[in-house]
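Visitor: I would like a close look at one part of this protein, namely the nonpolar core and the helices that build it. Please take me through it slowly, with the surroundings as well.

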Amino acid sequence: MFSSLTSKERQNVLNEFPELSPNLIKRYEKTFTRYDTDNDGYLDVEDLKGMMMVRGVPWSHSAIIRLIRDADEDGDGKLSFREFLITQRKNAEWARRVLCALPEIDVGRVGVKGAKKYFEAKQLLSTAPHIKHVSH
Ligand SMILES: [Ca+2]
Ligand SMILES: [Ca+2]
């Protein structure tokens, strides 16, 4: 089970992703492990689908396939922890959507403009995954 990285692996990750703090990497590790439902050390399509569901942003099958392909350096069709970090780097926007659930909004505090932004972001989330399903 992918419970944690060895210190060497962690060092490699730190070297490769200098923009990520050790704490952030730990958080990503937690997220990764949590959604690796079959504990094989990889996030595959089903794992990621589950992740999106939990996050309240269900993605279409093909959108998830594209997401994986985008970072799948060894081409095995699933994301290792390292490849998972690559998705975070490649698509900070995606990372924000997936790793940080949209906070509940307090219109009184952020004002109408902020609220509008928030709902636009939500709108984007609800429309983005509408890509045709591909059967596998
Ligand atoms: Ca898995
Ligand atoms: Ca891979």
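**The core and its helices**

Guide: Buried residues make up 15% of the 136 residues in the chain, and this should be read with the reminder that the model is a predicted one. The secondary structure consists of seven helices and zero strands, so that, read from the N terminus, the order of elements is α-α-α-α-α-α-α. Of the contacts between residues at least 6 apart in sequence, 53% join residues at least 24 apart.

The part you ask about is the largest nonpolar core, which has 14 residues, and those that touch the most other members are Leu-43, Leu-48, Ile-64, Leu-67 and Phe-84. Two or more residues are given to this core by each of helix 3 (45-54), helix 4 and helix 5, and the largest share, four residues, comes from helix 4. As a general background, nonpolar side chains in soluble globular proteins tend to be buried together. Within the core, Leu-48 offers a useful point of entry, for, once its neighbours within four places in sequence are left aside, Leu-48 is in contact with Leu-43, Ile-64 and Leu-67.

From Leu-67 one can pass to the pairing of helix 4 with helix 5, since Leu-67, Asp-70 and Ala-71 in helix 4 meet Glu-83, Ile-86, Thr-87 and Lys-90 in helix 5. The residues of this contact divide into three nonpolar, one polar and three charged. As for the geometry, the axes of helix 4 (residues 61-71) and helix 5 (residues 81-90) come within 8 Å and cross at roughly 100 degrees, which means that helix 4 is roughly perpendicular to helix 5.

Phe-84, named above among the core residues that touch the most other members, also leads outward to helix 2, where Tyr-28 has its place. Not counting residues up to four places away in sequence, Tyr-28 touches Phe-84, Leu-85 and Gln-88. Tyr-28 and Gln-88 are 60 residues apart in sequence, but 9.3 Å apart in space from C-alpha to C-alpha. Tyr-28 itself counts as partly exposed, because it has 19 C-beta neighbours inside 10 Å, whereas a buried residue would need 20 or more.

A second link across the sequence starts from helix 1 (residues 7-16), in which Glu-9 lies. Glu-9 and Arg-82 are 73 residues apart in sequence and 9.5 Å apart in space, again taken from C-alpha to C-alpha. Glu-9 is exposed, because 12 other C-beta atoms lie within 10 Å of its own.

The loop between helix 2 (22-35) and helix 3 deserves a look as well, and Asn-39 is found there. Although Asn-39 is not a glycine, it has a positive phi of about 55 degrees, and with 11 C-beta neighbours inside 10 Å this residue counts as exposed.

Finally, there is an annotation to set beside this picture: an unreviewed UniProt entry lists residues 23-58 as "domain: EF-hand". Over residues 23-58 the chain is 64% helix and 0% strand in the model, and the C-alpha atoms at the two ends are 27 Å apart.

Key
Residues numbered from 1 in each chain as written. Chains lettered and ligands numbered in written order. Predicted model: local features only at pLDDT ≥ 70, side-chain atom pairs only at ≥ 80, totals over all residues. Contact = placed C-beta atoms within 7 Å. UniProt positions renumbered as here; feature names shortened; annotations may be inferred. Axes fitted to C-alpha atoms, helices over the stretch in contact; angles between N-to-C directions. Parallel < 35°, antiparallel > 145°, perpendicular 65-115°, else oblique. Nonpolar A, V, L, I, M, F, W, Y, C, P; charged D, E, K, R; others polar. Core = buried A, V, L, I, M, F, W, Y, C linked by C-beta atoms within 7 Å.
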